[in-house]
Amino acid sequence: MGEVIDPTGEEISLFDASQAALKTIDQTRKERLSFSEVSSVLRADFEAGKLYWLARSHDRFRSEALAKRWNTRYAGKEAFTSLDGNGYLAGTINAVAYQAHRVVWLLATGEWPKDQIDHINGCRTDNRLTNLRSVTQAENARNKKTPATNRSGVPGVCWDKASGKWLATIKLSGKQKHLGRFEQFDDAVASRKSAEAEYGYHQNHGRMA
């Protein structure tokens with residue numbers, strides 16, 4: 001295993017994290033490393049949602065001195081502590097960027113996520129295993145916070161000026177479904193919440209933060 005020069009100019013193992021790649025992570029890119037390869041360099045604390053570098057054998061380096069220097073500096077230290085452009089914790093292995101939540105899932109299940117990983121509570125840096133679930137893109141879209149542009153405080157509920165009533169809608173397969181117009185705000189909200197339950201929206205959908 002050879003060495004490369006990281007952005008700080010320090011010579012490191014190819015398995016070291018290089019922050020340069022974190023700005024352009026493609027979440028949908030097929031992961032290249034196997035469970036065995038990743039678990040040989042990282043361990044996960046699933047309750048805390050954190051990753052840590054494992055000590056590395058001398059055969060990963062050009063010299064024992066380099067191995068000793070790396071292990072002294074990194075072994076046992078928390079890994080994947082940088083934020084990518086989307087606000088997720090991330091790091092690199094073999095100069096390829098990975099998001100921490102996907103690595104945690106791999107180490108927990110033995111397989112990379114088939115599609116997306118949803119942070120159930122909406123916090124993108126909370127990688128506790130209990131806060132992660134494997135979902136499709138459509139399922140992930142059903143657990144989002146209320147947009148800042150929403151004026152009613154409830155997704156899918158707005159004031160319809162033309163009718164003078166509250167309008168309730170829900171998006172299904174990319175299309176808006178009309179749920180009705182209501183005299184009372186609470187009735188519009190109840191209609192929307194009933195539709196969310198019917199169509200598999202997560203109970204956290206519409207949270208304020």
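## Exercises on a predicted model

Asp160 has a relative accessibility of 15% and so counts as buried. The exercises below concern a predicted model.

**Exercise 1. Which residue forms a salt bridge with Asp160, and which parts does the pair tie together?**

Step 1. Find the partner. Asp160 pairs with Arg181, and their closest N and O atoms are 2.5 Å apart.

Step 2. Place both residues. Arg181 lies in strand β13 (residues 175-182), Asp160 in strand β11 (residues 157-160), so the bridge ties together parts that are 21 residues apart in sequence.

Step 3. Check exposure. Arg181 is partly exposed, at 42% relative accessibility. Asp160, at 15%, is buried.

**Exercise 2. Where do Glu183 and Lys165 lie, and how far apart in sequence are the parts they tie together?**

Step 1. Confirm the contact. Glu183 and Lys165 form a salt bridge, with the closest N and O atoms 3.9 Å apart. The cut-off is 4 Å.

Step 2. Locate the ends. Glu183 sits in the loop between β13 and α5 (185-198), while Lys165 belongs to strand β12 (residues 165-172), so the linked parts are 18 residues apart in sequence.

Step 3. Add the accessibilities. Glu183 is exposed, with a relative accessible area of 57%. Lys165 is partly exposed at 28%.

**Exercise 3. Which residues join Glu196 in one salt-bridge network?**

Step 1. Start with one pair. Glu196 bridges to Arg192, with the closest N and O atoms 2.7 Å apart.

Step 2. Look at the spacing. The two are four residues apart in helix α5, which means that about one helical turn separates them.

Step 3. Check burial. Glu196 is buried at 5% relative accessibility. Arg192 is also buried, with a relative accessible area of 5%.

Step 4. Extend the network. Shared partners join Arg192, Lys193 and Glu196. The whole structure has eight salt bridges.

**Exercise 4. Which residues of α2 are buried, and which are exposed?**

Step 1. List the buried residues. In α2 these are Leu66, Ala67, Trp70, Asn71 and Tyr74.

Step 2. Test their directions. They span an arc of only 125° around the axis, so they lie on the same side of α2.

Step 3. Turn to the other side. There Glu64, Ala65, Lys68 and Thr72 are exposed.

Step 4. Go past the helix. Gly76 follows α2 and has a positive phi, near 85°.

**Exercise 5. Which helix gives the most residues to the largest nonpolar core?**

Step 1. Find the core. It has 27 residues; Val38, Leu42, Leu51, Phe80, Ile93, Tyr98 and Val103 touch the most other members.

Step 2. Trace the elements. β3 (42-45), β4 (50-53), α2 (64-74), β7 (89-93), β8 (96-99) and α3 (100-109) each supply at least two core residues.

Step 3. Pick the main contributor. α3 gives the most, with six residues.

Step 4. Look elsewhere. Apart from this core lies another, of six residues, including Val157, Phe182, Ala188 and Val189.

**Exercise 6. How many disulfides does the model have?**

Step 1. Apply the cut-off. The sulfur atoms of a pair must be within 2.5 Å.

Step 2. Count. The result is zero disulfides.

Step 3. Check two cysteines. Cys123 is partly exposed at 33% relative accessibility. Cys158 is partly exposed at 38%.

**Exercise 7. Over which residues does pLDDT stay under 50?**

Step 1. Take the chain as a whole. Its mean pLDDT is 85, and 85% of its residues reach 70 or more.

Step 2. Locate the weak stretch. pLDDT stays under 50 over residues 1-21. The model has 59 contacts for this stretch beyond four places in sequence.

Step 3. Draw the limit. Where pLDDT is low, the predicted coordinates should not be read in detail.

Definitions and conventions
Residues are numbered from 1 along each chain as its sequence is written. This is a predicted model: local features need pLDDT of at least 70, side-chain atom pairs count only at pLDDT 80 or more; totals for chains, interfaces and linings use all residues. Side-chain values use heavy atoms; hydrogens and water are left out. Buried means under 20% relative accessible area, exposed over 50%, partly exposed in between (1.4 Å probe, protein chains only). pLDDT is the predictor's confidence in each residue, from 0 to 100. Contact means heavy atoms within 4.5 Å. A nonpolar core is a set of buried Ala, Val, Leu, Ile, Met, Phe, Trp, Tyr and Cys residues joined through side-chain atoms within 4.5 Å. A salt bridge is a side-chain nitrogen of Lys or Arg within 4 Å of a carboxyl oxygen of Asp or Glu. The arc is that of the directions from the helix axis to the C-beta atoms.
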